[in-house]
Amino acid sequence: MLVLDQVETRYGRSIALHGISLHVDQGEFVAVIGPNGAGKSTMMLSIAGVLKPAAGSITFDGESLIGRAPERIVRDGIALVPEGRHIFATMSVHDNLLMGATAGRYSKGELGAEIERVLELFPALRQRTSASAGKLSGGEQQQLAIARALLSRPRVLLLDEPSLGLAPRVVDAVFDVLEKLSAEGITILLVEQNAAMAVEAADRTYVLRNGRIELHGKRDELVNMDSFESVYMGFAEGKAQS
Amino acid sequence: MTEQIQYLIAALQLASQDALIALGIAVVFGIMGLVNFAHGEIIMLGAYVLLVVLGLPAPLAIFAVLIACAFVAVAMERIAFRPVRGSSASTMLVTSFAVSFLLQNGVISTVGNLPQTPELPGILSESFHVGAVRIQYLQVITGALAIILAVGLTLFFTRTTMGRRMRAAAEDLRMARLCGVDANRVIAAAFVISGLLAGVVSLLLVAQTDLVTPQMGSAPVLIGFVATVIGGLRSLVGAALGGFILGFVTVALQVYLPVDLRDFRDAFVFAFVIAFLVVRPQGLFGPAQERV
Ligand SMILES: Nc1ncnc2c1ncn2[C@@H]1O[C@H](COP(=O)(O)OP(=O)(O)O)[C@@H](O)[C@H]1O
Ligand SMILES: [Mg+2]
């Protein structure tokens, strides 16, 4: 469904992605883990159309996404929940959700019901739809960022480090929602430093380091793999929860 | 007492005008980080269009000026500012100076440098009395327009879909695009609003001074820029308020400065602005908190 082939992305002269290849199939939950600076966010921004790769291809259902504007890509069905959440802090929760619906192609009267449906996943937000989004806690802001992305009615949801800066209990809640969404059939590409939780939640995981994919495998394969253990231990000290 | 009220009315007029200029600059700055110094030339071109359409019935002439200004603003964005969108602030600033210079000199070389004085409807210079206080119709019109436009813009930004998208884009353009907001469209919309505001100011300035010159936009745009800085650059409410305060300070200095210092009024105005920015560098409504 979503295929990256030899994608190379640069910032000026410095190369952040050295030709990475990966694919996400329809309905799959795929994770990409890697330490800080590995190129995870660069990869997500390249898919979403914010950054333009210098070489390689990114295709969605066989069509190239390279050179397509971000506003076009979200309309085509790929929604990004960016690192740092980027909620519209000066606007209300409800207005943030309406912004998310921009790309959703709703017919009249349909939107209210969809907002209700999305808010069922996030009961904490439901109480606070008229609150200013900047006043929400970190966890609530992350939930809002995900809810906002869902309102574009994506076929693929891209999540960049949704656990960043959240308390463990809140992280659990976020991952519960992701698993629920996955069970509903949404295709998910998740990027995380929190390797233990990501590997556990995803069907398949890629390990990205220094702009290269170093390893790749299904959940059960990875957990038993020695080399995975070493790669993973290399950057996840203190983060692994097992 | 009568005299004080008279000054107050003059101050309200100038303050309203400065607020409208500041809003025109702030609406574009908010969305693309560009201080458009060519905003003054939109005002100036509107005045020259007014010279051409002066024979038409008033509503039609006003409409023509507003449309022309909106058109100039949008054309400016397409031709000059789109290619440098996302560049550094200084690149965009230099571009806007270049556009300003080009338009001013374009008018000088085609129409000439001589000031022109249009025949305006008499009512604009007439006045009426409330008790002993004399009020010009133009002062009433200016105040009313400022109020109507402030309310109208507030409703537009809070109640309409395009207004909401523009607010989101002003806060975080990249995120707005990731939500599906077409960057070209919100930026064009900002220039349309900015152009319409310039058109209104253009009409008010000509009505007030009865003078059209190629340089007439330069002073207002400086005032608008300073007002925007006082307001805190990113906030529309702040910009309007900044313009309002600046207008009041200007009139107050005009009235209360000793006679032989009045020629230096603008120097005192800028001294006030500098003093204000020393105390509050982020402006009235500067970034309240870091975005997370
Ligand atoms: N805006 C930028 N300009 C220049 N270099 C950048 C920029 N953003 C990221 N980088 C560099 O690109 C590499 C990958 O960064 P990033 O994709 O943010 O990694 P991750 O999300 O895995 O932490 C890093 O070396 C980082 O320093
Ligand atoms: Mg990152």
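In which loop of chain A does A:Arg85 lie? In this predicted model, A:Arg85 is placed in the loop between S6 and H3 of chain A. The phi angle of A:Arg85 is positive, about 70°, although the residue is not a glycine. Most residues other than glycine have a negative phi. A:Arg85 is buried, because its relative accessible area of 10% falls under the 20% limit. A second non-glycine residue with a positive phi is A:Arg105, at about 50°. A:Arg105 is located in the loop between H3 and helix H4 (110–121) of chain A. With a relative accessibility of 60%, A:Arg105 is classed as exposed, since the threshold for that class is over 50%.

The loop between strand S6 (78–81) and helix H3 (93–100) also contributes A:Glu83 to a metal site. The magnesium ion, ligand 2, is coordinated by the OG atom of A:Ser41 and an OE atom of A:Glu83, at 2.0 Å. These two residues are 42 residues apart and connect distant parts of the chain, with A:Ser41 belonging to helix H1 of chain A. A:Ser41 counts as partly exposed because its relative accessibility is 21%, and A:Glu83 falls in the partly exposed class at 32%.

Both A:Ser41 and A:Glu83 also appear in the surroundings of ligand 1. The remaining residues around ligand 1 are A:Tyr11, A:Ala16, A:Pro35, A:Asn36, A:Gly37, A:Ala38, A:Gly39, A:Lys40 and A:Thr42. Classified by residue type, this shell comprises four nonpolar, five polar and two charged residues. Helix H1 (residues 40–48) of chain A gives the most to the shell, with three residues. Polar contacts to oxygen atoms of ligand 1 involve both side chains and backbone. An N or O atom in the side chain of A:Thr42 lies 2.5 Å from a ligand oxygen, and a polar backbone atom of A:Lys40 lies 2.8 Å from a ligand oxygen. For A:Asn36, the corresponding distance from an N or O atom of the side chain is 3.2 Å. Ligand 1 taken alone exposes 560 Å², of which the protein buries 56%.

Helix H1 of chain A is itself mostly covered, with eight of its nine residues buried. The buried set consists of A:Lys40, A:Thr42, A:Met43, A:Met44, A:Leu45, A:Ser46, A:Ile47 and A:Ala48. The helix is followed by A:Gly49, for which phi is positive, near 95°.

Strand S3 (residues 29–33) of chain A is likewise mostly covered, and five of its five residues are buried. In a regular strand the side chains alternate between the two faces of the sheet. In S3 of chain A, A:Phe29, A:Ala31 and A:Ile33 are buried on one side, and A:Val30 and A:Val32 are buried on the other. S3 pairs in the parallel sense with strand S8 (residues 187–192) of chain A over five bridges, and A:Val32 has A:Val191 as its bridge partner in S8. Parallel pairing is also found between S3 and strand S9 (residues 204–209) of chain A, over four bridges. In S9, A:Arg204 is the bridge partner of A:Val30.

In chain B, B:Ser194 lies in helix H8 (residues 183–209). B:Ser194 is buried, because its relative accessible area is 1%. The C-alpha atoms of B:Ser194 and B:Ala26 are 8.4 Å apart in space, while the two residues are 168 residues apart in sequence.

Key:
Residues are numbered from 1 along each chain as its sequence is written. Chains are lettered from A and ligands numbered from 1 in the order in which they are written. This is a predicted model: local features need pLDDT of at least 70, side-chain atom pairs count only at pLDDT 80 or more; totals for chains, interfaces and linings use all residues. Side-chain values use heavy atoms; hydrogens and water are left out. A residue is near a molecule or strand if one of its heavy atoms lies within 4 Å of it. A polar contact is a pair of N or O atoms within 3.5 Å; within protein, one must be able to donate a hydrogen and the other to accept it, and residues adjacent in sequence count only if both atoms are side-chain atoms. Accessible areas come from the Shrake-Rupley method with a 1.4 Å probe; for residues, only the protein chains shown count as cover. Ala, Val, Leu, Ile, Met, Phe, Trp, Tyr, Cys and Pro count as nonpolar, Asp, Glu, Lys and Arg as charged, and the others, Gly among them, as polar. Donors are N, O and S atoms within 2.8 Å of the metal (3.2 Å for Na, K and Ca); water is not among the atoms, so sites may look incomplete. Buried means under 20% relative accessible area, exposed over 50%, partly exposed in between (1.4 Å probe, protein chains only). Two strands pair if DSSP finds at least two bridges between them.
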